[in-house]
Amino acid sequence: MFYNDHMTYLLRVNLDINDKNIADSVRFKAALNSIRFVSKANNKVVILSHKGRPQGVDSRLSLKSSATFLSKALRKNVIFINHFDFAKIAKQIKQSPNGKVFLLENLRFIPGEAKASKNLAKSLAKLGDRFINDDFPTSHRKNASNFELPKLIPSSIGPNFKMELRQLSKLMANPRKPLVLIIGGAKISDKLGVLKNFIRKADNILLGGAPANTLLKARGVNIGKSLYDKKVLAQIKPFVNNEKIVTPMDWKIGNNAILDIGPHSIGLYTAAIKEAGTVVWNGPMGKFEHKSFSTGTKALYKAILAQKRANILIGGGDTLAAISPLGKPGKNTFVSSGGGAMLTYLSGEKLPALDAIR
Ligand code: ADP
Ligand code: MG
């Protein structure tokens, strides 16, 4: 596709990044790449994105600072639009000269985004001629801007999205065994939802974070006030006694909650990494933002850095934020911008945002 053609492109990228380490974030680099790819002197670009999981308007999750970071990195003013008066926005875009780049405020401030509202998609569609989805990390979700919008105007996926699909499918077509899958973090239903598909492919599934807590709970362990998901308990029932699924044998506790895996679990998990032919990792092992609960995550990454033989795949916003201060991964590692999306795609399930385009 040529982008040099007097059209207005709606471009979805992923700016769900903590400002603190935005500059060396994989997602930020991917966003810059997408914008450079699409934006030309003879067209206009309207960037669509989100940040966090706001319940309505929440100034802490505004994309205003992202516009500043993007402007600086692109050496080009990215015009931030801080309201959702769509008639006014359409007028502003129409009256602007070619070559301009706009960024809309966090779309998740509008309840219709997460609910895949057709009306919201219609309002968005009126802002441009074509839609390019280059936001792989959100592609496992049905949102207005990635699932309904592409049904309304000519749409395609962007360069980063394509690259992710190519790399991930290459690695999973014929993975070297043993395949070790490591799942941690907090978004339990996203992460445990893939278990039924992965259970055949993976040789071992090592759990940390809230997915581990949920499994431990299902296995009858007293987990105190640990973060877990009641709704997922029924869904994971068939796997509770599956020998491939490994839960921590010890842990670190804070405020009566499990907040990191313990030393014996670290020993077991790092040994599995050492023996692996393929490692797929999404989700920190603990509440890594607090130094005292970052030990498990750090130890796993250290074992991954020492593993020169296996193919390694690491993904997820928080996972990447946790490991990025600890050094660059080796050539045998592919870093995916997606967490839940990566797991969904690798498990063989469909990505709704991709299906909506095809
Ligand atoms: P990713 O973005 O890599 O896909 P998630 O968003 O699912 O990962 O989860 C990251 C979050 O999980 C972090 O904020 C971390 O503090 C939290 N977390 C990990 N383990 C625990 C735990 N045991 N209890 C509470 N929170 C946890
Ligand atoms: Mg996250």
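1. In this predicted model, 20 residues surround ligand 1, and those that come nearest are Lys191, Ile258, Glu289, Asp318 and Thr319. By type, the residues of this shell divide into six nonpolar, nine polar and five charged.

2. Three elements each supply at least two residues of the shell around ligand 1: helix H10 (209-218), strand E11 (257-261) and helix H14 (317-323). The largest share comes from H14, with three residues.

3. Polar contacts to ligand 1 involve the protein backbone at several places. A nitrogen atom of the ligand lies 2.9 Å from a backbone N or O atom of Ile258. An oxygen atom of ligand 1 is 2.8 Å from a polar backbone atom of Asp318, and an oxygen atom of the ligand is 3.4 Å from a polar backbone atom of Gly317. Ligand 1 taken alone exposes 580 Å², of which the protein buries 90%.

4. Turning to helix H5 (residues 118-125), its buried residues are Leu120, Ala121, Leu124 and Ala125. Seen down the axis of H5, these buried residues fall within an arc of 140°, so they line one face of the helix. The general background is that an α-helix has 3.6 residues a turn, so residues three or four places apart point the same way.

5. What do the buried residues of H5 pack against? Their partners are strands E1 (8-12), E2 (44-48) and E4 (101-104), together with helices H3 (86-95), H4 (111-114) and H6 (144-148).

6. The start of H5 has a polar contact of its own: a side-chain oxygen of Ser117 reaches to within 3.2 Å of the backbone nitrogen of Asn119.

Key:
Residues numbered from 1 in each chain as written. Chains lettered and ligands numbered in written order. Predicted model: local features only at pLDDT ≥ 70, side-chain atom pairs only at ≥ 80, totals over all residues. Heavy atoms only, no water. Buried < 20%, exposed > 50% of the residue type's maximum accessible area, 1.4 Å probe, protein only. Helix = DSSP H or I, 4+ residues; strand = E, 2+ residues; numbered from the N terminus. Arc of directions from axis to C-beta. Contact = heavy atoms within 4.5 Å. Polar contact = N/O pair within 3.5 Å; in protein donor to acceptor, adjacent residues only side chain to side chain. Near = heavy atom within 4 Å. Areas by Shrake-Rupley, 256 points an atom, 1.4 Å probe, with all protein chains shown as cover. Nonpolar A, V, L, I, M, F, W, Y, C, P; charged D, E, K, R; others polar.
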